[in-house]
Amino acid sequence: MSRKHFETDAIRTQINRTEFLEHSAPMYITSSFVFDDAEEMRAAFTGENPRNIYSRFTNPNTTEFVDKVCHMEGAQAGYAFATGMAAVFSSLAALLDSGDHIVSARSVFGSTHTLFTKYLPKWNIETSYFNVDQPQEIESLIRPTTKILFAETPTNPAVDILDLAYLGEVAKKHNLILVIDNCFATPYLQRPIEFGADLVIHSATKLMDGQGRVLGGITVGSEDLVNEIYLFSRNTGPAMSPFNAWILSKSLETLAVRMDRHCDNALKVATFLEEHPKINFVKYPFLKSHPQYEIAKKQMSQGGSILAFEIKGGVEAGRNFLNAVNLCSLTSNLGDTRTIVTHPASTTHSKLSVEDRLEVGISDGLVRVSIGLEHYEDIIADLKQALEA
Ligand SMILES: *Cc1c(COP(=O)(O)O)cnc(C)c1O
């Protein structure tokens, strides 16, 4: 699908220049667009003459952002949302009817899990879960009403890997729509459509922006599915703001160079942690010790920027570790230039029972680190002093 190399498309995919011949695309901060006459307006509204009408539908800045991501993912079409969760919710809401059923990996992003367990049941949509280490369970969960197979890989926060080729095969065999949240990998490391995904979702808030500035989300995939999502969204209003699209489109120009450094730093930190005596294990997709290392190698070009490790001493040790870091930030974002540490058992997943936490790979001492772009020696020095504090 891409015309040139990843980096070149990321930089050179641009909306048309205006009469001012600007080099860098300007911001189109406007709610609506004007028509010359009644006929032009009529043809725009029927779709005979596709063009910008109103920024809830399309806007030049969001179009540029969407076009870039479509090139990156090898997708036919896309729609940009205000947040990653707006992308997840609107995409599912557009495609599912009352009585439909979802099969999902058990470990998915917290709000996605809440959507499945608390809100979709209001519209009579049920979800069944498989464990990430037992994908062979999937086929036994499929019902005549199953419409969507949903997964993230790598997973948040336990950094497990699901076999995209296998998911693609199962989805095809049972005629399911395969939806992959590709947030942790980014299209620079992994392109789920090549393995059979029908839709790919991103929280652009994370590595796509990569600098912790704006919220955003996007869904890309096959034209017919994206068109249904577009029509739903155009009427229900979860659109990305043109300002955020402008920021994110510029951010994508540096995605490749940022990801190379994120992954380089992360592998160095993971290798350091693996040898530390206060640590039981480190989970990083490109460490040989990762349980799904072979699958990661097959579908990702590098290991990503997120790793998880288990500190000896449970919840208390995890909390003490967070209190002892100096350089690293304690915040709930990830995929930032700044390294971020979190302790899921005492924060995002504290309401779950110990057993429920373990089912999604979160032990009491599990720490998640989103490796930033600081010099790796400074990141390692901070983690080292915190472990030894
Ligand atoms: C953050 C995140 C989301 C939600 O994105 P927002 O932009 O915060 O709404 C969805 N999926 C994954 C894997 C995430 O990390």
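**The largest pocket, the salt bridges and the surface**

Helix α5 gives the most to the lining of the largest pocket, supplying 5 residues. The model discussed here is a predicted one, and this pocket is a suitable place to begin. Its volume is about 940 Å³. In total, 47 residues line the largest pocket, and those lying nearest its centre are F109, G110, S111, T348 and H349.

Several elements take part in this lining. At least two residues each come from α4 (84-95), α5 (110-119), β6 (199-203), β10 (340-342) and α14 (354-359). What is the chemical character of the lining residues, counted as nonpolar, polar and charged? The lining of the largest pocket is made up of 18 nonpolar, 21 polar and 8 charged residues.

The discussion now turns to charged side chains. How many salt bridges does the structure hold? There are 16 salt bridges in the structure, and three of the pairs are described here in turn.

The first pair to consider is R42 and E39. These two residues form a salt bridge in which the closest N and O atoms are 2.9 Å apart. Both belong to helix α2, and because they are 3 residues apart there, about one helical turn separates them. R42 is partly exposed, as its relative accessibility is 38%. E39 is likewise described as partly exposed, with a relative accessible area of 45%. The pair also belongs to a wider arrangement, for E39, R42 and E48 are linked in a network of salt bridges.

The next pair is K173 and E139, whose side chains meet in a salt bridge with an N to O distance of 2.9 Å. This pair links distant parts of the chain, since K173 lies in helix α7 (residues 164-173) and E139 in helix α6 (residues 138-141), 34 residues apart. K173 counts as exposed because its relative accessibility is 61%, which exceeds the cut-off of 50%. E139 has a relative accessibility of 30% and therefore counts as partly exposed.

The remaining pair is D160 and K283, whose side chains form a salt bridge at 3.3 Å, N to O. D160 is located in the loop between β4 (146-152) and α7, while K283 is located in strand β8 (residues 279-283), so the salt bridge ties together parts that are 123 residues apart in sequence. Are these two residues buried or exposed? D160 counts as buried because its relative accessibility is 7%, and K283 is also buried, with a relative accessible area of 11%. Both values satisfy the criterion for a buried residue, namely under 20% relative accessible area.

Another buried residue is P187, which has a relative accessible area of 1%. P187 is part of helix α8 (residues 186-189). Although P187 and M300 are 113 residues apart along the chain, their C-alpha atoms are separated by 9.5 Å.

The final feature lies on the surface. Which residues form a nonpolar patch there? The patch consists of M27, I29 and F243, which together have about 280 Å² of accessible area. One of these residues, I29, is found in the loop between α1 (6-12) and α2 (38-46). I29 counts as exposed because its relative accessible area is 57%.

Key. Residues are numbered from 1 along each chain as its sequence is written. This is a predicted model: local features need pLDDT of at least 70, side-chain atom pairs count only at pLDDT 80 or more; totals for chains, interfaces and linings use all residues. Side-chain values use heavy atoms; hydrogens and water are left out. Patches are made of residues with over 30% relative accessible area and no salt bridge: like charges are joined within 9 Å, nonpolar side chains (Val, Leu, Ile, Met, Phe, Trp, Tyr) within 5 Å. Accessible areas come from the Shrake-Rupley method with a 1.4 Å probe; for residues, only the protein chains shown count as cover. A salt bridge is a side-chain nitrogen of Lys or Arg within 4 Å of a carboxyl oxygen of Asp or Glu. Helices (H or I, at least four residues) and strands (E, at least two) are DSSP runs, numbered from the N terminus. Buried means under 20% relative accessible area, exposed over 50%, partly exposed in between (1.4 Å probe, protein chains only). On a 1 Å grid over the protein atoms alone, a cavity is a set of points where a 1.4 Å probe fits but cannot get out, and a pocket is an open set with protein on both sides within 12 Å along at least five of seven lines; lining residues have an atom within 4 Å of a point. Grid points are joined across faces, edges and corners, and a volume is the space filled by probe spheres set on the points. Ala, Val, Leu, Ile, Met, Phe, Trp, Tyr, Cys and Pro count as nonpolar, Asp, Glu, Lys and Arg as charged, and the others, Gly among them, as polar.
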